[in-house]
Amino acid sequence: MLKRLIPSSGEWLPAIGLGTWIQFDVGKSGAERRPLIEVLKQMATAGGTVIDSSPMYGKAEQVVGDLTHETEIADQFFYATKVWTSGEKNGKLQVQDSFKKMRCSVIDLLQIHNLLDWTTHLRTLRKLKEEGKLRYIGVTHYTNA
């Protein structure tokens, strides 16, 4: 498994993670969720750890939380998600919802998606990191504008 070093901590992470957009936006039926449980189990067996989600991915955060805990391997994963809204209050509510849905007391990486209201969210994320609720904070962006 190809890994990359996080310079600030010395922690090694797999270079490729599991994205949850579309595939994990499913209902509660066994037919929809069984294949995803197998994906998570095989990923863990192969040494994969990073699961990337977002509140914008429909039910994906909730499904990740449900399935990782159902399989009893929740502590083997590195959980990453995002905040993508405007305003301090909305950002805090969205982040709190992510903790609840993903069933995490600590989120490994929380990113400000597409730099939306980044100065506001950065203050919130830094505070959560100081409180030990986030391990890492970051930003995502997909254009050079």
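**Salt bridges and helix packing in a predicted model**

Let me begin with one pair of residues, K127 and E131, whose side chains meet in a salt bridge with 2.7 Å from N to O. By salt bridge I mean a side-chain nitrogen of Lys or Arg within 4 Å of a carboxyl oxygen of Asp or Glu. At 39% relative accessibility, E131 counts as partly exposed, where partly exposed is the range between buried, which is under 20% relative accessible area, and exposed, which is over 50%, using a 1.4 Å probe and protein chains only.

Before going on, I should say that this is a predicted model, in which local features need pLDDT of at least 70 and side-chain atom pairs count only at pLDDT 80 or more, while totals for chains, interfaces and linings use all residues. Residues are numbered from 1 along each chain as its sequence is written, and side-chain values use heavy atoms, with hydrogens and water left out.

How many salt bridges does the structure hold? There are 10 of them, and besides the pair I started with, I would like to show you a few more. E11, D108 and R135 are linked to one another in a network of salt bridges. Another salt bridge joins K59 to D25, with the closest N and O atoms 3.6 Å apart. K59 lies in the loop between β4 (50-52) and α2, and D25 in the loop between β3 (18-19) and α1, so this pair ties together parts that are 34 residues apart in sequence. The helices and strands that I name are DSSP runs numbered from the N terminus, H or I of at least four residues for a helix and E of at least two for a strand. Both partners count as partly exposed, K59 because its relative accessibility is 47% and D25 because its value is 33%.

Next comes the salt bridge between D66 and R33, at 3.0 Å from N to O. Here too distant parts of the chain are linked, since D66 sits in helix α2 and R33 in helix α1, 33 residues apart. Are these two residues buried or exposed? D66 is buried, with a relative accessible area of 11%, and R33 is buried as well, at 9%.

That pair brings us to the two helices themselves. Two packed helices are described by the angle between their axes and the distance between the axes. Helix α1 (residues 30-45) and helix α2 (residues 60-70) pack at an angle of about 65°, with their axes 10 Å apart; the axes are lines fitted to C-alpha atoms over the stretch in contact, and the angles run from 0 to 180 degrees between N-to-C directions. The crossing of α1 past α2 is right-handed, which is to say that the near helix is turned clockwise from the far one by less than a right angle, anticlockwise being left-handed. On the α1 side the contact is made by R33, L36, I37 and L40, and on the α2 side by V63, D66, L67, T68 and E70, contact meaning heavy atoms within 4.5 Å. Sorted by type, these residues give 5 nonpolar, 1 polar and 3 charged, where Ala, Val, Leu, Ile, Met, Phe, Trp, Tyr, Cys and Pro count as nonpolar, Asp, Glu, Lys and Arg as charged, and the others, Gly among them, as polar.

Helix α2 is mostly covered, with 8 of its 11 residues buried, including A60, V64 and L67. Those buried residues pack against α1, β4, β5 and α3. Just after α2, E72 takes a positive phi of about 60°. Back in helix α1 we find E38, which is partly exposed at 40%, and whose C-alpha is 9.9 Å from that of L67, although the two are 29 residues apart in sequence.

Now to T85, found in the loop between β5 (78-83) and α3 (88-102). T85 is buried, with a relative accessible area of 17%, and, not counting residues up to four places away in sequence, T85 touches N90, G91, Q94, L116, D117 and H121.

Finally, a search of the whole structure finds 2 aromatic pairs. One of them is F77 with Y79, edge-to-face, at 6.4 Å centre to centre and 75° between the planes. Rings of Phe, Tyr and Trp (its six-membered ring) pair if their centres lie within 6.5 Å, and planes under 30 degrees apart count as stacked, over 60 as edge-to-face and the rest as tilted. Both F77 and Y79 are buried.
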